[in-house]
Amino acid sequence: MTTATTSAHRATAQPEPTPGPRPRLDWRLRLGALSLVWGFSFLLIKVGTGAYAPFQVTLGRLVFGTAVLAAALLVKRERLPRGARTWGHLAVAAFFLNALPFSLFAYAELTIPSTLAGICNATSPLWGMALSLVALSEDRPTRLRVAGLGLGFLGVLTVLGAWQGFRGLDGPGAAMALLASLSYPIGWIYVRRTLAGVSHSHLSMTGAQLLLATVQLAVVTPLFTDLPSRFPVLPLLAIAALGALGTGIAMLVQYGLVAEVGPTTAQTVTYFVPVIATAAGIALLGEPLTWSTPVGAVIVVAGAALTQIRMRP
């Protein structure tokens, strides 16, 4: 819901945190819970956009997510980072890692199923590797990773039904979902270039980043939408859950996972998200399923997994 160059660091702007006290709940259970939360996020977006404009859904998501992280900052008595330079870089990170992809997914789900949006989200590692070959000279390709890149995009073409001329597919909607997935690694390459090694805590940086994304959407939303005349309860609850659970609490869980088991293990959540998103969309929203969707999703996930393999020195 959601990566950067690896999904274990999605929507955060800080290097790997240092290990803290061992949590009581086993990390496997927390990984499963995180997979469920992020997998159901696409269903919640679909429900939210059924009654509210996409920018309103995104703004609500960010408000509730920021509130959760603000509460965590108060409990841990941490402060937001200081320095105009840091805040400037965080503003760019907030745009590419939160404001832009969240908005694109919301707009995409106006015309495409939540199942397809969840599968497109799984392409983030593929985009990340493709971009890192150009932007990160230290990230050298291997034959296995290049093969994974090709396999992954073959899976994308399978999901989209390329062999039948993309018949029945809303092109702009699918393109927005893929651009949303591309936005994550763009943001993370920027973060890696500008914010690596900063002295502020992970929680402090992430809280500031979400706050800035909320401000960005608060400025944009009134320009493109009107205040709703009514506030349907179910879509509103979906937006609240999307923000509080899928953005705020999910980030805290992810932070603990990376601290305990490392980013390589924590990033495996990416491979469960499209499966859960597809199952939720079909079971709860009655979205259609053709053979190309699960087959293409498996190919995408396999390709994404291969791109994350690095040879040991």
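Modeller: A definition first: helices are DSSP runs of H or I with at least four residues, strands are E runs of at least two, and both are numbered from the N terminus. The model we are reading is predicted.

Colleague: How many helices and how many strands are there in the chain?
Modeller: Follow the elements from the N terminus: they run α-α-α-α-α-α-α-α-α-α-α-α. No strand appears in the chain. The count is 12 helices and zero strands.

Colleague: In which helix is confidence lowest?
Modeller: The chain averages a pLDDT of 85, and 87% of the residues score at least 70. Helix H2, residues 54-76, has the highest confidence, at 97. The lowest mean is 67, and it belongs to residues 263-266, helix H10.

Colleague: Over which residues is the pLDDT below 50?
Modeller: The stretch has 79 contacts in the model beyond near neighbours in sequence. Still, where pLDDT is low, the predicted coordinates should not be read in detail. The stretch below 50 is residues 3-19.

Colleague: What share of the chain do buried residues make up?
Modeller: A residue is buried when its relative accessible area is under 20%. The chain has 313 residues. Buried residues make up 52%.

Colleague: Which helix gives the most to the largest nonpolar core?
Modeller: The core has 70 residues, and Phe105 and Leu116 have the most contacts inside it. One helix, residues 84-108, gives 10 residues to this core. That top contributor is helix H3.

Colleague: How many residues of helix H4 are buried?
Modeller: Helix H4 covers residues 114-121 and is mostly covered. Among its buried residues are Thr115, Leu116, Gly118 and Cys120. Leu116 is in contact with Val159, Leu160, Leu169 and Ala174, leaving aside neighbours within four places in sequence. The count for H4 is eight of eight.

Colleague: Why does Ser114 count as buried?
Modeller: Ser114 sits in helix H4. Not counting residues up to four places away in sequence, Ser114 touches residues including Phe42, Lys46, Glu109 and Glu287. The cut-off for buried is under 20%. Ser114 falls below that cut-off, so it counts as buried, at a relative accessibility of 0%.

Colleague: How far apart in space are Ser114 and Val47?
Modeller: In sequence, Ser114 and Val47 are 67 residues apart. In space, C-alpha to C-alpha, the distance is 9.7 Å.

Colleague: Is His89 buried or exposed?
Modeller: His89 is found in helix H3. Beyond residues up to four places away in sequence, His89 touches Tyr190, Thr194 and Leu195. Its relative accessible area is 15%, so His89 is buried.

Colleague: Are H2 and H9 parallel or oblique to each other?
Modeller: The axes of H2 and helix H9, residues 233-261, come within 7 Å and cross at roughly 40 degrees. H2 passes H9 in a right-handed crossing. In H2, Gly60, Phe64 and Val68 are among the residues that meet H9. Angles under 35 degrees count as roughly parallel, so H2 and H9 are oblique.

Colleague: How do H6 and H12 run: roughly parallel or roughly antiparallel?
Modeller: Helix H6, residues 143-160, and helix H12, residues 292-307, pack with their axes 7 Å apart, at an angle of about 160 degrees. Angles over 145 count as roughly antiparallel. Therefore H6 and H12 are roughly antiparallel.

Colleague: What is the handedness of the crossing of H6 and H12?
Modeller: The H6 side of the contact includes Leu144, Gly148 and Val159. The H12 side includes Ser292, Gly296 and Leu306. The crossing is left-handed.

How values were computed: Residues are numbered from 1 along each chain as its sequence is written. This is a predicted model: local features need pLDDT of at least 70, side-chain atom pairs count only at pLDDT 80 or more; totals for chains, interfaces and linings use all residues. Side-chain values use heavy atoms; hydrogens and water are left out. Buried means under 20% relative accessible area, exposed over 50%, partly exposed in between (1.4 Å probe, protein chains only). pLDDT is the predictor's confidence in each residue, from 0 to 100. Contact means heavy atoms within 4.5 Å. A nonpolar core is a set of buried Ala, Val, Leu, Ile, Met, Phe, Trp, Tyr and Cys residues joined through side-chain atoms within 4.5 Å. Axes are lines fitted to C-alpha atoms, for helices over the stretch in contact, and angles run from 0 to 180 degrees between N-to-C directions. Angles under 35 degrees count as roughly parallel, over 145 as roughly antiparallel, 65 to 115 as roughly perpendicular and the rest as oblique. A crossing is left-handed if the near helix is turned anticlockwise from the far one by less than a right angle, and right-handed if clockwise.
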